[in-house]
Amino acid sequence: MWVFEPSPRHYAKLIAKCREMSPKYTIKLCPFGLGGKTETLTFFEKDDDKGDSFQSWLASDHEVKNISQGYEVVASMVSLPDFILRSTNEGDDIVLDIDAEGSEYAMLDSLLKNAGALQRVREIYVEFHFIKDMDPKREKEALCEALLSHNIIVHTRGSV
């Protein structure tokens, strides 16, 4: 099991949870996020810590606001297809559970553009969010249709 978390304020609880689950699973904890391309970006802490995101504006069932803690978080994002190709093997059957606070759109789009990574994915659970300058319902439908055309089972959750 691979776990990704770019928000430093979640590390302590996540490490404790990984330690608790380690007798049952082999866990690899990655202190970075996944997205559409590999880069470093400002990571926005929000008034609802479950909404921390690479997106400056984000909403799900409610809009979350950016907060200032007296510092700026700059976090790493790694391309989902690059990560899959570097960290898994041909013939692997990958199940993705994506709750990426707005990065899901670029992440899935980049996956669809990379046949080598795409062929390893069998099933995706994904939460879709509202982000700035996008029609999320239309984008969600297009991504889900494209993934289904590759015989990838998609389970959606969230407000979109």
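User: Where is Asp133 found?

Analyst: This is a predicted model, in which local features need pLDDT of at least 70 and side-chain atom pairs pLDDT 80 or more, while totals for chains, interfaces and linings use all residues. Residues are numbered from 1 along each chain as its sequence is written, and side-chain values use heavy atoms, without hydrogens or water. Helices (H or I, at least four residues) and strands (E, at least two) are DSSP runs numbered from the N terminus. On that numbering, the place of Asp133 is the loop between β10 and α5 (136-149).

User: Is Asp133 buried or exposed?

Analyst: Buried means under 20% relative accessible area, exposed over 50%, and partly exposed in between (1.4 Å probe, protein chains only). Asp133 has a relative accessibility of 75%, so the residue counts as exposed.

User: What is the approximate phi of Asp133?

Analyst: Most residues other than glycine have a negative phi. Asp133 is not a glycine, yet its phi is positive, at about 60°.

User: Which residue in the loop between β8 and α3 has a phi near 50°, and is that residue buried or exposed?

Analyst: In the loop between β8 and α3 lies Glu101. Although Glu101 is not a glycine, its phi is positive and near 50°. The relative accessibility is 10%, so Glu101 counts as buried.

User: What is the strand order of the open sheet that contains β7?

Analyst: Two strands pair if DSSP finds at least two bridges between them. β3 and strand β7 (residues 73-79) run parallel and are joined by three bridges; Gly35, for instance, has Ser79 of β7 as its bridge partner. With mixed pairing, the three strands stand in the order β3-β7-β4.

User: Which strands stand at the edges of that sheet, and why is one side of each left without a neighbour?

Analyst: Each of the two edge strands has a single partner strand, so one side of each has no neighbour in the sheet. From one strand to the next, the twist averages 45°. The edge strands are β3 (33-35) and β4 (39-43).

User: At about what angle does helix α2 run to β7?

Analyst: Helix α2 (residues 80-87) lies across β3 and β7. Axes are lines fitted to C-alpha atoms, for helices over the stretch in contact, and angles run from 0 to 180 degrees between N-to-C directions. On this basis α2 runs to β7 at about 65°.

User: How are α2 and α3 oriented to each other?

Analyst: Helix α2 packs with helix α3 (residues 104-112) at about 55°, and their axes are 8 Å apart. The contact (heavy atoms within 4.5 Å) is made by Leu80, Pro81 and Ile84 of α2 and by Met107, Ser110 and Leu111 of α3. Angles under 35 degrees count as roughly parallel, over 145 as roughly antiparallel, 65 to 115 as roughly perpendicular and the rest as oblique. The two helices are therefore oblique.

User: What kind of aromatic pair do Phe4 and Phe32 form?

Analyst: Rings of Phe, Tyr and Trp (its six-membered ring) pair if their centres lie within 6.5 Å; planes under 30 degrees apart count as stacked, over 60 as edge-to-face and the rest as tilted. Phe4 in strand β1 (residues 2-4) and Phe32 in the loop between β2 (28-30) and β3 are 28 residues apart. Phe4 is partly exposed at 24%, whereas Phe32 is buried at 18%. The ring centres are 5.7 Å apart and the planes stand at 65°, so the pair is edge-to-face.

User: Which residues form one aromatic cluster with Phe4 and Phe32?

Analyst: The structure holds six aromatic pairs. In the cluster, Phe4 and Phe32 are joined by Trp2 and Phe83.

User: What kind of pair do Tyr105 and Phe128 form?

Analyst: Tyr105 in helix α3 and Phe128 in strand β9 (residues 121-128) lie 23 residues apart. Both Tyr105 and Phe128 are buried. Their ring centres are 5.4 Å apart and their planes stand at 50°, so the pair is tilted.

User: Which side chains of strand β8 point to one face and are buried?

Analyst: In a regular strand the side chains alternate between the two faces of the sheet. Strand β8 (residues 94-98) runs parallel to β9, joined by five bridges, with Ile98 opposite Val126. Val95 and Asp97 point to the other face and are not buried, in contrast to Ile94, Leu96 and Ile98.

User: Which residue of β6 stands opposite Leu58?

Analyst: An open sheet has the order β6-β5-β10, with antiparallel pairing. Two bridges join strand β5 (residues 58-59) to β6. Opposite Leu58 in β6 stands Val64.
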